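User: I have a chain open and want the reasoning behind its labels. Can you take me through them, one by one?

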Amino acid sequence: MSGTGQDANAGTIPVRDAHRFDEAALARWMDSHVAGFAGPIQVEQFKGGQSNPTYKLTTPGRTYVLRRKPPGELLRGAHAVEREARVLTALGRAGYPVAHVHGLCTDDAVIGSWFYVMDMVEGRIFWDAAFPEIHKDERAAYFAAMNATLAQLHRFDPETVGLGDYGRPGNYFERQIARWSRQYLEDEAAGRDPGMDRLIEWLPTAIPPGDETRIVHGDFRCDNMIFHPTQPRVLAVLDWELSTLGHPLADFAYHAMMYRMPPDIVAGLGGADPRPLGIPTEEDYRAAYCRNVGRAPIPDADYAFYIAFNFFRMAAIFHGIKGRVIRGTAASVHARERAERLPQLIALAVEMMEACR
């Protein structure tokens with residue numbers, strides 16, 4: 001199975017040499033900052049975590065998860081675990097399904113880089129967007145749960161939940177295109193690609209009219225959610241590294257991109273007909289989201305741009321993974337496999353660009 005599936009990402013392994021740290025120092029920090037903590041700690045590393053190394057911390061009384069910045073030279077603005085901790089804390093207080101954060105450490109002297117500790121939420125993660133583990137007749141309920149969970153996020157007023165300054169309001173697409181273009185161009189180790197260069201030139205000229213600002217997750221996929229052990233209910237949304245204030249339709253389109261995404265890149269349906277699988281069509285799923293957030297239908301031309309933009313953004317992310325592989329700072333053992341899929345992803349982005357023209 002590819003580096004995107006359950007065998008590649010589920011479960012833990014011994015901590016990789018490049019990501020080891022002083023476990024006694026961590027225990028001392030937790031004793032001072034985590035209510036109810038009692039050691040000793042057993043530390044394992046999760047197989048996944050393309051960007052920020054993620055660890056399972058097992059104690060006699062409970063289990064925690066630690067997310068940290070990777071060691072080594074980092075690109076400016078990347079691996080902001082402090083932002084993850086902040087958004088998790090704010091959304092948890094607002095009643096959104098996230099893991100409880102116990103504390104954030106911004107002292108490199110403790111384990112070598114900034115980190116935060118949160119609860120380990122027990123449940124199911126689905127690594128295949130077709131939900132093969134679920135009976136055909138029940139799959140629509142799981143898609144409805146994902147849709148409703150994303151819509152709940154987009155209904156929050158950022159100011160009301162204490163995240164009014166979590167990002168810059170307005171001009172989301174302009175800023176995102178500039179950010180990922182800059183990150184791509186600055187990562188000289190990963191090289192240049194003619195398709196990416198074309199996308200960088202075209203995207204700023206094709207942004208649909210209208211602007212909105214909501215909290216956006218940035219990586220809302222089925223494998224970034226923990227579902228109830230037996231029910232079609234989301235218990236926790238994971239991996240908030242790319243979250244910010246942004247346009248909700250960009251966030252939804254990224255999620256809906258699963259209908260077009262080959263499963264060997266990230267969790268996707270790979271162009272399969274969803275109806276025999278008991279899964280709503282892309283059109284029906286899009287309409288359900290609009291009902292859930294109480295908005296008018298999304299124009300087809302606008303939606304096509306949102307999809308093209310998200311393929312570009314993911315290509316830029318994979319380009320960054322390629323750079324980390326070359327520099328030797330990649331967090332996941334499967335990072336090299338993802339980096340090898342970069343040309344395929346760029347081709348998908350270019351294909352959507354051509355469809356928009």
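Analyst: Start with pairing: two strands pair if DSSP finds at least two bridges between them. In this predicted model, strand 3 and strand 4 have 5 bridges and run antiparallel. Set against the cut-off of at least two, the 5 bridges make them a pair.

User: What joins strand 3 to strand 4 along the chain, and which residue stands opposite T54?

Analyst: A hairpin of 4 residues links strand 3 to strand 4. Opposite T54 is R67 in strand 4.

User: How do you know that strand 2 and strand 3 pair?

Analyst: The count is 4 bridges between strand 2 (residues 42-46) and strand 3 (residues 54-58), in the antiparallel sense. At least two are needed, so the label holds. Q42 faces T58 of strand 3 across this pairing.

User: Which strands does strand 6 pair with?

Analyst: Strand 5 and strand 6 (residues 115-119) share 4 antiparallel bridges. There, F115 is the bridge partner of C105. Strand 4 joins strand 6 through 5 bridges, also antiparallel. In that pairing Y64 stands opposite D119.

User: What is the order of the sheet, and why are strand 1 and strand 5 called edges?

Analyst: The open sheet has 6 strands in the order 1-2-3-4-6-5, with antiparallel pairing. Strand 1 (12-13) and strand 5 (101-105) each have a single partner strand, so one side of each lacks a neighbour in the sheet. In general, strands of a sheet pair through backbone hydrogen bonds.

User: What makes strand 4 and strand 5 mostly covered?

Analyst: Buried means under 20% relative accessible area. In strand 4 (residues 63-68), 6 of its 6 residues are buried. In strand 5, 4 of its 5 residues are buried.

User: How do you know that both faces of strand 4 are covered?

Analyst: In a regular strand the side chains alternate between the two faces of the sheet. On one side of strand 4 are T63, V65 and R67; on the other are Y64, L66 and R68. All of these are buried, so both faces count as covered.

User: Is R313 buried or exposed, and why?

Analyst: R313 has a relative accessible area of 2%. The cut-off for buried is under 20%, so R313 is buried. R313 is found in helix 10 (residues 300-327). Beyond its neighbours within four places in sequence, R313 contacts Q176, W180, G218, D219, L242 and Y254.

User: Why is helix 5 called oblique to helix 9?

Analyst: Helix 5 (residues 136-155) and helix 9 (residues 282-293) pack at about 40°, with axes 9 Å apart. That angle is not under 35 degrees, nor is it in the 65 to 115 range or over 145, so helix 5 is oblique to helix 9. Their crossing is right-handed. Among the residues in contact are F143 and M146 of helix 5 and Y285 and Y289 of helix 9. By class, this contact has 8 nonpolar, 3 polar and 1 charged residues.

User: What about helix 8 against helix 9: how do they cross, and which residues touch?

Analyst: The axes of helix 8 (residues 248-256) and helix 9 cross at roughly 150° and come within 11 Å. Angles over 145 degrees count as roughly antiparallel, so this pair gets that label. The crossing is right-handed. Helix 8 brings P248, L249, F252, H255 and A256; helix 9 brings E282, Y285, R286 and Y289. The classes are 6 nonpolar, 1 polar and 2 charged residues.

Terms used
Residues numbered from 1 in each chain as written. Predicted model: local features only at pLDDT ≥ 70, side-chain atom pairs only at ≥ 80, totals over all residues. Heavy atoms only, no water. Axes fitted to C-alpha atoms, helices over the stretch in contact; angles between N-to-C directions. Left-handed = near helix turned anticlockwise from the far one by under 90°. Contact = heavy atoms within 4.5 Å. Nonpolar A, V, L, I, M, F, W, Y, C, P; charged D, E, K, R; others polar. Buried < 20%, exposed > 50% of the residue type's maximum accessible area, 1.4 Å probe, protein only.
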